[in-house]
Amino acid sequence: MTDMIPTWMESLSASEQRRLTGLLLLAIVLILWYLFHDSLRYWREGRNITRVAKRLGARMVRDVRLPDGMGGEIGIDFLVLATDAILVIGVKRYDGLIYGSTGINEWTQSIRNRSYKFPNPDACLQQQIGAVRMIVPKTPVRGLHLFSDSAVFPKDKPSNVLQVKDLRGCPPRPRLKDIPAELQAAWTQLTHALD
């Protein structure tokens with residue numbers, strides 16, 4: 001064991017060696033935290049978003065690709081079988097202040113005293129809803145934007161925007177027996193189209 005200790009450390013007392021070892025371990029932990037903090041936050045945020053999407057319905061599929069009706073495909077983050085409709089959920093991972101409403105073409109993200117414009121996500125959501133309706137045309141389909149809790153809406157939040165914190169304290173996940181039979185049949189038809 002003493003072969004592993006550098007010679008300069010041998011001159012230190014046992015308590016000084018323990019203190020130095022503790023400081024080195026602390027430095028390593030801080031460096032690892034600095035290197036992986038954003039990755040861990042992103043992973044934890046993704047896990048919370050998935051948990052929220054699951055709570056909205058009896059069944060859920062994620063990362064779906066459907067025909068867009070124009071020869072291509074459109075991606076959908078989550079499809080959820082809710083008690084009254086099939087939900088199309090688009091995940092938006094924006095930090096900072098978000099300014100937007102249904103009637104404007106561009107929304108704004110304000111973070112660290114800088115502003116960034118991005119297209120109104122409703123246009124993409126309507127295309128995703130249209131792709132689902134092509135497969136199950138007589139089924140109610142609704143769309144939601146699921147923003148992470150790191151986004152703040154200082155003005156009115158649009159009615160089709162949900163955040164993880166909005167579902168704390170909500171009723172438990174519905175069971176399959178709570179879903180009307182015709183909606184379950186549409187869900188089966190939709191999920192078979194994914195194969």
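Which backbone nitrogen does a side-chain oxygen of N120 reach at the start of α3? The nitrogen is that of D122, and the oxygen of N120 comes to within 2.8 Å of it. Good morning, colleagues. The structure before you is a predicted model, and I shall begin with the helix that this contact introduces.

Helix α3 covers residues 121-135, which makes 15 residues. From its first C-alpha to its last, α3 reaches 22 Å, close to the 21 Å expected at 1.5 Å a residue. Several of its residues are buried: P121, D122, L125, Q128, I129, A131, V132 and I135. D122, whose backbone nitrogen we have just met, is thus one of the buried residues of α3.

From the helix I turn to the interior. The largest nonpolar core has 21 residues. Those with the most contacts inside this core are L66, L79, I86, V88, V132 and L190. At least two core residues come from each of the following elements: β1 (59-67), β2 (73-81), β3 (86-92), α3 and α4 (181-193). Which element gives the most to this core? That element is α3, with five residues. Another core lies apart from the largest one; this second core has 15 residues, including M60, F78, L162 and L167.

Let us now move to the surface. A nonpolar patch is formed there by L25, I28, I31, L32, W33, Y34, L35, F36 and L40. Together these residues have about 1,000 Å² of accessible area. As a point of orientation, W33 belongs to helix α2, residues 14-55.

Next come the charged pairs. How many salt bridges does a search of the whole structure find? The search finds five, and I shall describe three pairs in turn.

The side chains of R142 and D84 meet in a salt bridge, at 3.2 Å from N to O. This pair links distant parts of the chain, for R142 is in strand β7 (residues 141-147) while D84 is in the loop between β2 and β3, 58 residues apart. R142 is partly exposed, with a relative accessible area of 38%, and D84 is likewise partly exposed, at 44%.

A further salt bridge joins the side chains of R175 and D178, at 3.8 Å from N to O. R175 counts as partly exposed, at 49% relative accessibility. D178 is also partly exposed, with a relative accessible area of 36%.

The third pair is D63 and R62, whose closest N and O atoms are 3.7 Å apart. Is D63 buried or exposed? D63 is exposed, because its relative accessible area is 56% and the cut-off for exposed is over 50%. R62, at 45%, is partly exposed.

D63 brings me to the last topic, the backbone. Most residues other than glycine have a negative phi. D63, however, has a positive phi of about 55° although it is not a glycine. The place of D63 is in strand β1. N113 also has a positive phi, near 60°, and N113 too is a residue other than glycine. Where is N113 found? N113 is found in the loop between β5 (106-111) and β6 (114-119). N113 is exposed, with a relative accessible area of 85%.

To close, I would direct you back to α3, which gives five residues to the largest nonpolar core, and to D63, which combines a salt bridge with R62 and a positive phi. Thank you for your attention.

Note on methods. Residues are numbered from 1 along each chain as its sequence is written. This is a predicted model: local features need pLDDT of at least 70, side-chain atom pairs count only at pLDDT 80 or more; totals for chains, interfaces and linings use all residues. Side-chain values use heavy atoms; hydrogens and water are left out. Helices (H or I, at least four residues) and strands (E, at least two) are DSSP runs, numbered from the N terminus. The expected span of a helix is 1.5 Å times one less than its number of residues. Buried means under 20% relative accessible area, exposed over 50%, partly exposed in between (1.4 Å probe, protein chains only). A polar contact is a pair of N or O atoms within 3.5 Å; within protein, one must be able to donate a hydrogen and the other to accept it, and residues adjacent in sequence count only if both atoms are side-chain atoms. A nonpolar core is a set of buried Ala, Val, Leu, Ile, Met, Phe, Trp, Tyr and Cys residues joined through side-chain atoms within 4.5 Å. Patches are made of residues with over 30% relative accessible area and no salt bridge: like charges are joined within 9 Å, nonpolar side chains (Val, Leu, Ile, Met, Phe, Trp, Tyr) within 5 Å. Accessible areas come from the Shrake-Rupley method with a 1.4 Å probe; for residues, only the protein chains shown count as cover. A salt bridge is a side-chain nitrogen of Lys or Arg within 4 Å of a carboxyl oxygen of Asp or Glu.
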